[in-house]
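Work through the exercises below with the model open. Each task is followed by its solution.

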Amino acid sequence: MNRAIELAKNAIRSAYPNPAVGCVIVHQNKIIGEGYTSPYGGPHAEVNAIASVKDPSLLIDSELYVTLEPCAHFGKTPPCANLIVTNKIPRVFIGLLDPNPQVAGKGIEILKEHNIDVTRGVLEKDCKKHHRRFLCFQENKRPYITLKWAETKDHFMAPTKKMRSQTAEPYWISSGASRARVHLWRSKEQAILIGVNTLREDNPLLDVRMVHGMNPVPIIIDPKLSIDSSYHLYSNPDLIVFVDGTTKYKQEEYPFRILKIDFSKEVIHQLLEHLYRLKILSLFIEGGAYTLNEFIKSGIWDEARVIQSTNEFKDGIKAPEIKLNPTHKEFIESDCISYYINSPNE
């Protein structure tokens, strides 16, 4: 199962909105097949693992290990539980029950109906950690939310206007190695969100450049739809912009998706309801201070990663504060990264 979890990590970004599942097939204590979830619309982990077995005749005396219950419904692909039955694999070890109502025990029922020996809850805690995005989406009806920011030693996350250049561009606080780590984090999440102030001050790309990986879907909270063609993100066709319901615009005049919410009411729940309907499983929030603080105050977040440099600003925009102890810390060059957990799935 440990190996299945490692395999599953290869699919964390490409499988969205499907869960990133890993599967291992063992015959007489030797691994004979491995697989993980293909990009969305492609074969699931069990299909890929079975297909990788060079001698299919061994399957009738093999064990299958899978991080999440085999699916039992027809979606983009046929049910994996049926495929296991067809190949007469006699023993199946499952990390987690799938909370998706279309599965939720039905996969195990199919296996047991055909006299397959099923063991569930294998390395369950580790599988829950790996599948935390999918579990949050299914159980909480919202994306899994990770907050991230960089701050100085004296707890500022942005400098004063005087310290910035005249052009809108990021003001780097953390080291190059830490920025590469942030790009790695971005590559694992389905979407990335900023507020309009960060758009105006930094004119960011919000993509993955410093590591190999897929770009997240960029999202901006921009109540008055102030973004124009001078911003990098304007021409990104994947961009989603949340505007106030009273804002006048014509969708056909903009090259990105515009969604309305009522800013006179609670914003976060409305935003997350939209993202749930769009099947966004994970959301990486990079700023600015107001947006991050709103999520912290609401209590609706799951992880936070705070990069602290040795620099000092003496003045500027104060960084958010999380009143929890970090689960652990990591040092990259001169930076210290503190990790926080606020999720029951962790």
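**Exercise 1.** Find which side-chain atom reaches a backbone nitrogen at the start of α9.

*Solution.* Start at E266. A side-chain oxygen of E266 comes to within 3.3 Å of the backbone nitrogen of I268. The model is predicted: local features need pLDDT of at least 70, side-chain atom pairs count only at pLDDT 80 or more, and totals for chains, interfaces and linings use all residues. Numbering runs from 1 along each chain as its sequence is written, and side-chain values use heavy atoms, leaving out hydrogens and water. Now move past the helix. K279, just after α9, has a positive phi of about 60°.

**Exercise 2.** List the buried residues of α9.

*Solution.* Buried means under 20% relative accessible area (1.4 Å probe, protein chains only). The helix spans residues 267-277. Its buried residues are V267, I268, Q270, L271, L272, H274 and L275. In an α-helix, residues three or four places apart point the same way, because there are 3.6 residues a turn.

**Exercise 3.** Explain why C136 has no disulfide partner.

*Solution.* A disulfide needs two cysteine sulfur atoms within 2.5 Å. The closest cysteine sulfur to that of C136 is in C127, 18 Å away, so the gap is too far for a bond. C136 is also buried, at a relative accessible area of 0%. Across the structure, the count of disulfides is zero. C71 is in none either; the nearest cysteine sulfur, that of C80, lies 3.7 Å away. C71 is buried too, with a relative accessible area of 8%.

How values were computed. Buried means under 20% relative accessible area, exposed over 50%, partly exposed in between (1.4 Å probe, protein chains only). Helices (H or I, at least four residues) and strands (E, at least two) are DSSP runs, numbered from the N terminus. A polar contact is a pair of N or O atoms within 3.5 Å; within protein, one must be able to donate a hydrogen and the other to accept it, and residues adjacent in sequence count only if both atoms are side-chain atoms.
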